[in-house]
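Colleague: I'd like to go through the labels you put on this one and hear the reasoning behind them. Can you take me through it?

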Amino acid sequence: MAIKIADLRQDYRLRRLLESEALADPIHQFQAWFEEAVQAELPEPNAMTLATVTAGNTPAARMVLLKHVDQQGFVFFTNYLSRKGQELAGNPHAALVFWWAELERQVRIEGVVSQIAPQESDHYFQSRPLGSQWGAWASEQSAPIQSYATLEAALQQIQAQYPEPPIPRPDHWGGYCLSPTLIEFWQGRPNRLHDRLCYQRRAGTTTWNILRLCP
């Protein structure tokens, strides 16, 4: 390779993350950072890595989009029968990672995932573009197919069945909420001496302990 991967490095110097400035509630802290990411016009600031555990206890990860966050947790939508849906059905423990490179920030989240109420999934499904609604019906997400033409044929069949809205939400498609037990905020710093503040939920409570971690 012309480029030596080992030589790629970035020195982080933009900001600090101090306990005196961090909010006591990690959801509020996340919302503050997320708003800054939006205001900075970062590309898809709601893109996040979702890590799950397979039936063989091996990790699996992919990118999904955050669609809502509140005190209940972090909400995303997908096909319940997809690989990640099946893995969450077998083991609801999962993790999320946000990486906002331009702000030299990372957020790690660990917790337990559950399906949201069907009415909430219905409401979000109806807000999606028509093409995305057709796609949720046409795609058997994660299942092998012979060719892209197979997918196009399935789409045409759904378009003929539901030519215009309202289109019902498929039973196999809907939302999940990850209820966090740990949220870590990482701010890049010079010399790899990064700021890391870790919020850990106290068992059986809605309160959090804040720890500074060594980088």
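Colleague: Why is Asp11 called partly exposed?

Modeller: Its relative accessible area is 33%. Buried means under 20%, exposed means over 50%, and partly exposed is what lies in between, with a 1.4 Å probe and protein chains only. A value of 33% falls in that middle band, so Asp11 is partly exposed. Keep in mind that this is a predicted model, where local features need pLDDT of at least 70 and side-chain atom pairs count only at pLDDT 80 or more, while totals for chains, interfaces and linings use all residues. Residues are numbered from 1 along each chain as its sequence is written, and side-chain values use heavy atoms, with hydrogens and water left out.

Colleague: Where does Asp11 lie, and which residues is Asp11 in contact with, leaving aside its neighbours within four places in sequence?

Modeller: Asp11 sits in the segment before H1. Helices (H or I, at least four residues) and strands (E, at least two) are DSSP runs, numbered from the N terminus. With neighbours within four places in sequence set aside, Asp11 touches Glu104, Arg189, Pro190, Asn191 and Arg192, where contact means heavy atoms within 4.5 Å.

Colleague: What makes the Asp11 and Arg13 pair a polar contact?

Modeller: Their side chains come to 2.8 Å. The rule asks for a pair of N or O atoms within 3.5 Å; within protein, one must be able to donate a hydrogen and the other to accept it, and residues adjacent in sequence count only if both atoms are side-chain atoms. At 2.8 Å the pair is inside the limit, so it counts. Ser82 offers another case: its side chain reaches the backbone oxygen of Asn79 at 2.7 Å.

Colleague: And why is Ser82 called buried?

Modeller: Its relative accessible area is 0%, and the buried class is anything under 20%. Ser82 lies in the loop between strand E4 (73-79) and helix H2 (83-90). Beyond its neighbours within four places in sequence, Ser82 is in contact with Gln141 and Ser142.

Colleague: Why does Leu193 count as exposed?

Modeller: Leu193 has 57%, and exposed starts over 50%. You'll find Leu193 in the loop between strand E7 (173-187) and strand E8 (195-201).

Colleague: Which residues does the UniProt annotation "binding site" cover?

Modeller: According to UniProt's unreviewed entry, that annotation includes Asp11, Leu193, Lys67, Tyr124, Arg128 and Ser132. The full set is spread over 186 residues of sequence and reaches up to 43.3 Å between C-alpha atoms.

Colleague: What makes Glu19 and Arg212 a salt bridge?

Modeller: The N to O distance is 2.7 Å. A salt bridge needs a side-chain nitrogen of Lys or Arg within 4 Å of a carboxyl oxygen of Asp or Glu, so 2.7 Å qualifies. This pair links distant parts of the chain, 193 residues apart: Glu19 in the segment before helix H1 (26-39) and Arg212 in strand E9 (residues 208-212). Glu19 is partly exposed at 43%, and Arg212 is partly exposed too, at 36%. Both belong to a salt-bridge network with Arg16, Arg189 and Asp195.

Colleague: How many salt bridges does the structure hold?

Modeller: The count is 13. One of the salt bridges joins Arg105 and Glu36 at 3.1 Å. Arg105 is in strand E6 (residues 105-115) and Glu36 in helix H1, 69 residues apart. Arg105 is buried at 4%, whereas Glu36 is partly exposed at 32%. Then there's Glu87 with Arg83, at 2.6 Å; both lie in helix H2, 4 residues apart, about one turn of the helix.

Colleague: How do you know that there are 0 disulfides?

Modeller: The whole structure was searched, and 0 turned up. A disulfide is a pair of cysteine sulfur atoms within 2.5 Å. The sulfur of Cys198 has its closest cysteine sulfur in Cys214, 14 Å away, so the two are too far apart for a bond.

Colleague: Are those two cysteines buried or exposed?

Modeller: One of each: Cys198 is buried at 2%, while Cys214 is exposed at 65%.

Conventions:
UniProt positions renumbered as here; feature names shortened; annotations may be inferred.
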